[in-house]
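Colleague: I have a protein model open and would like to learn how to read it. Could we go through some features one by one?

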Amino acid sequence: MSSPIIICYTGIVEKAIKELKTEGRNAAAVFVTSPTYHGICSNLTEISKLCQSYNIPLIVDEAHGAHLGFHPNTPCSALQQGADLAVQSTHKVLCSLSQSSMLHMSGDLVHRERICKCLQTLQSTSPSYLLLASLDAARAQLSESPETIFNKAMELAVDMKTLINKIPGISVLDFPSFSSFPAFDPLRITIGVWQLGLTGYEADDILIQDFGVISELTGSRSVTLAVNIGNCREHVVRLVSGFKHLSETFSLNQGMRGHRLDDIDCSPFDDINMSLSPREAFFASKRKVSFKESVGEICGELITPFPPGIPVLIPGEVITERALNYLLQLRSRGADITGVADPLLSSIVVCNT
Ligand SMILES: Cc1ncc(COP(=O)(O)O)c(C=O)c1O
């Protein structure tokens with residue numbers, strides 16, 4: 001896969017903390033998402049040491065990492081690396097029911113009573129015992145064989161990567177030269193299909209319809225798969241057949257189709273201009289304008305291509321031509337646009353100024 005950009009997280013965190021200090025403010029907490037949806041894990045040990053030196057709590061969105069620390073080949077969990085709080089979507093990678101999750105705490109920097117109070121303001125007074133029981137069942141399942149439960153999934157994932165790497169036109173996201181950090185969750189496999197002139201959305205449709213393979217996440221150039229304790233050898237065989245089929249069917253068309261993906265704007269959006277705070281935008285009066293005429297207006301809605309579910313425009317942000325072009329490119333390649341009044345993108349809700 002093309003050279004990845006490695007972000008020095010610790011440096012960024014320290015820079016942010018120092019910048020606030022020069023403005024006479026103190027960071028209340030550091031919040032990190034690790035692993036990402038693609039399974040890339042930050043060096044939380046370093047970040048937590050840094051946070052400790054400033055006496056700032058480290059909170060980790062570990063939605064995709066409830067299994068970390070249960071196999072020697074996975075990175076350690078956020079708490080094992082010194083985080084103060086870690087929230088895990090137990091339902092994503094362990095076997096509890098959808099919506100169930102766990103908040104883990106460690107140390108005494110964050111007060112347990114304060115967390116309980118905050119939760120009380122957000123939670124229902126009628127908890128679901130079905131969800132709670134499923135969390136307990138997931139915990140029990142892990143505690144029966146904590147050292148071996150992921151062995152089979154890990155073997156399957158390794159075999160899957162090896163076999164897929166041999167298929168022409170298909171590539172597997174890997175950072176071979178970085179043995180420690182950023183670390184990868186070995187059970188998340190991101191497979192690039194752009195060399196075949198295919199988008200991830202197109203590959204995903206074929207994999208679902210013809211091979212019964214459901215990916216965890218699709219993107220403009222790749223699909224991401226999650227291997228788990230429910231997988232078996234037959235799944236690997238089916239999956240590899242699916243990618244071989246894609247390679248054989250599309251590699252001949254590669255020259256003709258390849259250019260279709262070259263125009264996707266993949267560089268980060270670093271020119272964001274907020275005219276109103278999201279709160280001001282939420283309460284502002286609004287109107288609908290045609291998509292093309294919205295450049296320069298203040299966005300009044302959350303415009304989020306899904307997958308991956310990361311907003312391109314948020315309420316209060318000034319709409320740029322680049323953002324509009326990017327949204328159109330993604331839509332034409334099969335992404336759904338969520339959060340908007342008009343998912344077909346003929347119009348956009350903007351704030352009256
Ligand atoms: C990084 C990350 N954090 C949090 C969430 C939300 O988790 P949940 O679905 O358990 O509310 C998601 C959902 O995909 C996610 O990808």
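Colleague: About how many helical turns separate Asp 136 and Arg 139 in helix H5?

Modeller: About one helical turn, because Asp 136 and Arg 139 are three residues apart in helix H5 (residues 129-144). Helices (H or I, at least four residues) and strands (E, at least two) are DSSP runs, numbered from the N terminus. Before going further, two notes on the source. This is a predicted model, in which local features need pLDDT of at least 70 and side-chain atom pairs count only at pLDDT 80 or more, while totals for chains, interfaces and linings use all residues. Residues are numbered from 1 along each chain as its sequence is written, and side-chain values use heavy atoms, with hydrogens and water left out.

Colleague: What do the side chains of Asp 136 and Arg 139 meet in?

Modeller: A salt bridge, with 2.9 Å from N to O. The term stands for a side-chain nitrogen of Lys or Arg within 4 Å of a carboxyl oxygen of Asp or Glu.

Colleague: How many salt bridges does a search of the whole structure find?

Modeller: The search finds eight. One of them joins Arg 238 to Glu 234, with the closest N and O atoms 2.9 Å apart. Arg 238 and Glu 234 are four residues apart in helix H8 (residues 233-250), so about one helical turn separates them. Arg 25 also forms a salt bridge, with Glu 23, and there the closest N and O atoms are 2.9 Å apart.

Colleague: Is Glu 23 buried or exposed?

Modeller: The general scale is this: buried means under 20% relative accessible area, exposed over 50%, and partly exposed in between (1.4 Å probe, protein chains only). Glu 23 has 52%, so it is exposed. Its partner Arg 25 is partly exposed at 47%. In helix H5, Asp 136 is partly exposed at 42% and Arg 139 is partly exposed at 44%. In helix H8, Arg 238 has 27% and is partly exposed, and Glu 234, with 43%, is partly exposed.

Colleague: Which residues make the nonpolar surface patch of about 200 Å²?

Modeller: A patch takes residues with over 30% relative accessible area and no salt bridge; like charges are joined within 9 Å, and nonpolar side chains (Val, Leu, Ile, Met, Phe, Trp, Tyr) within 5 Å. Areas are computed by the Shrake-Rupley method with a 1.4 Å probe, and for residues only the protein chains shown count as cover. Here the patch is made by Val 87, Leu 103 and Leu 119. Leu 119 lies in helix H4 (residues 112-122) and is partly exposed, with a relative accessible area of 31%.

Colleague: In which sense do strands E3 and E4 pair?

Modeller: Two strands pair if DSSP finds at least two bridges between them. Strand E3 (residues 58-61) and strand E4 (residues 85-88) have three bridges and pair in the parallel sense; Val 60 stands opposite Ala 86 in E4. With strand E5 (residues 102-105), E4 pairs in the antiparallel sense over four bridges, and Gln 88 stands opposite Met 102 in E5.

Colleague: Which order do the strands take in the open sheet of four?

Modeller: The order is E6-E8-E10-E9, with antiparallel pairing. Strand E6 (171-172) and strand E9 (217-218) stand at the edges with a single partner strand each, so one side of each has no neighbour in the sheet. Strand E8 (residues 188-192) and strand E10 (residues 222-226) run antiparallel and are joined by five bridges. Gly 192 stands opposite Ser 222 in E10.

Colleague: How many disulfides does the count come to?

Modeller: A disulfide is a covalent bond between the sulfur atoms of two cysteines. The rule used here asks for a pair of cysteine sulfur atoms within 2.5 Å. By this rule the count is zero. Cys 76 is in no disulfide, as the nearest cysteine sulfur, in Cys 41, is 10 Å away.

Colleague: Why is there no bond between Cys 351 and Cys 299?

Modeller: The sulfur of Cys 299 is the closest cysteine sulfur to that of Cys 351, but at 7.4 Å it is too far for a bond. Cys 351 is buried, at 1% relative accessibility, whereas Cys 76 is partly exposed at 42%.
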